[in-house]
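Here is a small set of exercises to work through with a structure viewer open. Try each task yourself before you read the solution below it.

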Amino acid sequence: MRKNLKGCKRLARETLAGNFTVPVIGSIAVAAMSAVSGYISTALFPGDSLYAIIGGEVFSFILSLVICVFSAGLYRIYLNISRREKYSFGDLLYFFSHQPDHVIVASFVLALINLVTSLPMAWFSYTTDMGSTADAQMNWAVNYLLFTLLGFLLNLLIAMPFAMTYYILADNPEMKGGQALKASAKLMKGHLWEYLKMLLSFVPWIIFSMFTLYLALIWLVPYIETCMAVFYRNISGEFDEPPVSPVTPIPQFQDETEA
């Protein structure tokens, strides 16, 4: 039977109970990789010149593609936890031996969306000066916040249809990256508002984590990701009666050249 959002969250809590160790360590490891890549980028391309900004962004972009292969393995862990199937920390490396190029292609598109939607904020940062007075600096900070929010909203709207891509690849590692993106967009059709409501329901918890110096995210992130794994299973028909394959729409995305 299809589940509502409360049902998805309930199942996520039930399956995650007693299984926090691996996803917590995995999430911290992937987050640490992203943080280290930022430090490396800054070290290799210091300063605020146009060359440094472009060089740093390109370098970070390339590193993010490699990190996304680890991220896809983390999605596989969450999916297995939600299904009460076997998983291990080694699953982080799963896609390095199972068509990593497919993950990289999908990640390239998603990273490109992230890069393009961050351009307004990058442009503002490069073309404006904070000023020397308190009023000027306050105005600059407000505008910076607005441009950051604009980039976030653009990224959310454009990337939302592709939110299930890594879960689809976890179920179908042989599927090409472009096919997985198309399958995600098809799967999310009619479920975008449900997905957005799911995301919004976590906002109070994220705000609460600020008062714990974000330490609460150590447990909150695995919970959110497990909820999303259950959400994927829900909209893909895995809970239907009789149950259907969780990847029903995927066979429609075969390469036309193979026909």
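The exercises below go from the whole chain to single residues, and the model they use is a predicted one.

**Exercise 1. Work out how the chain is built from helices and strands.**

Step 1. Begin with the count of elements: the chain has 11 helices and 0 strands.

Step 2. Next, read the order from the N terminus, which is α-α-α-α-α-α-α-α-α-α-α.

Step 3. A few of these helices return in later exercises, including α8, which covers residues 177-188, and α5, which covers residues 119-127.

**Exercise 2. Decide whether the overall size agrees or disagrees with that of a compact globule.**

Step 1. Take the expected value: for 259 residues, a compact globule would have a radius of gyration near 18 Å.

Step 2. Set the model beside it. The chain has 20 Å, so the value agrees with the globule rule.

Step 3. For the extents, look along the principal axes, where the C-alpha trace spans about 65 × 50 × 35 Å.

Step 4. Now turn to the interior: 41% of the 259 residues are buried.

Step 5. Finally, consider the contacts with a sequence separation of 6 or more. Of these, 73% are between residues 24 or more positions apart.

**Exercise 3. Describe the surface of the chain and the placing of its charges.**

Step 1. The exposed area of the chain is about 14400 Å², and carbon and sulfur atoms supply 69% of that area.

Step 2. For the charges, there are 16 positive and 18 negative ones.

Step 3. Average the positions of each set, and the two mean positions turn out to be 12 Å apart.

**Exercise 4. Explain why C8 and C227 are not joined by a disulfide.**

Step 1. Check the total first: the structure holds 0 disulfides.

Step 2. Look for the cysteine sulfur closest to that of C8. It belongs to C227, at 7.8 Å.

Step 3. Apply the cut-off. A disulfide needs two cysteine sulfur atoms within 2.5 Å, and the 7.8 Å between C8 and C227 is therefore too far for a bond.

Step 4. Run the search from the other end: the nearest cysteine sulfur to C227 is that of C8.

Step 5. Add the surroundings of the two residues. C8 is buried at a relative accessible area of 0%, and C227 is buried at 0% as well.

**Exercise 5. Locate two neighbours in sequence, Q179 and A180, and find out what surrounds A180.**

Step 1. Place them: Q179 lies in helix α8, and A180 is also in helix α8.

Step 2. Classify their accessibility. Buried means under 20% relative accessible area. With 11%, Q179 counts as buried, and with 0%, A180 does too.

Step 3. List the contacts of A180, leaving out residues up to four places away in sequence. What remains is T165, I168, L169 and M175.

Step 4. Compute two C-alpha distances. A180 and Y167 are 13 residues apart in sequence and 9.1 Å apart in space. Q179 and L44, separated by 135 residues along the chain, have their C-alpha atoms 35 Å apart.

**Exercise 6. Examine the backbone at Q99 and Y214, then relate Y214 to L119.**

Step 1. Read the phi angles. Q99 has a positive phi, near 55 degrees, without being a glycine. Y214, likewise not a glycine, has a positive phi of about 70 degrees.

Step 2. Place both residues. Q99 sits in the loop between α3 (50-82) and α4 (100-117), while Y214 sits in the loop between α10 (203-210) and α11 (217-235).

Step 3. Classify their accessibility: Q99 is partly exposed at 36%, and Y214 is partly exposed at 44%.

Step 4. Bring in L119, a residue of helix α5. L119 is partly exposed, with a relative accessible area of 47%.

Step 5. Close with the separation of L119 and Y214: they are 95 residues apart in sequence and 27 Å apart from C-alpha to C-alpha.

Note on methods: Residues are numbered from 1 along each chain as its sequence is written. This is a predicted model: local features need pLDDT of at least 70, side-chain atom pairs count only at pLDDT 80 or more; totals for chains, interfaces and linings use all residues. Side-chain values use heavy atoms; hydrogens and water are left out. Buried means under 20% relative accessible area, exposed over 50%, partly exposed in between (1.4 Å probe, protein chains only). Helices (H or I, at least four residues) and strands (E, at least two) are DSSP runs, numbered from the N terminus. Contact means heavy atoms within 4.5 Å. The radius of gyration is taken over C-alpha atoms; the globule rule is 2.2 Å times the number of residues to the power 0.38. Accessible areas come from the Shrake-Rupley method with a 1.4 Å probe; for residues, only the protein chains shown count as cover. Lys and Arg count as positive and Asp and Glu as negative; His and the chain ends are not counted. The place of a charge is taken as NZ of Lys, CZ of Arg, CG of Asp or CD of Glu.
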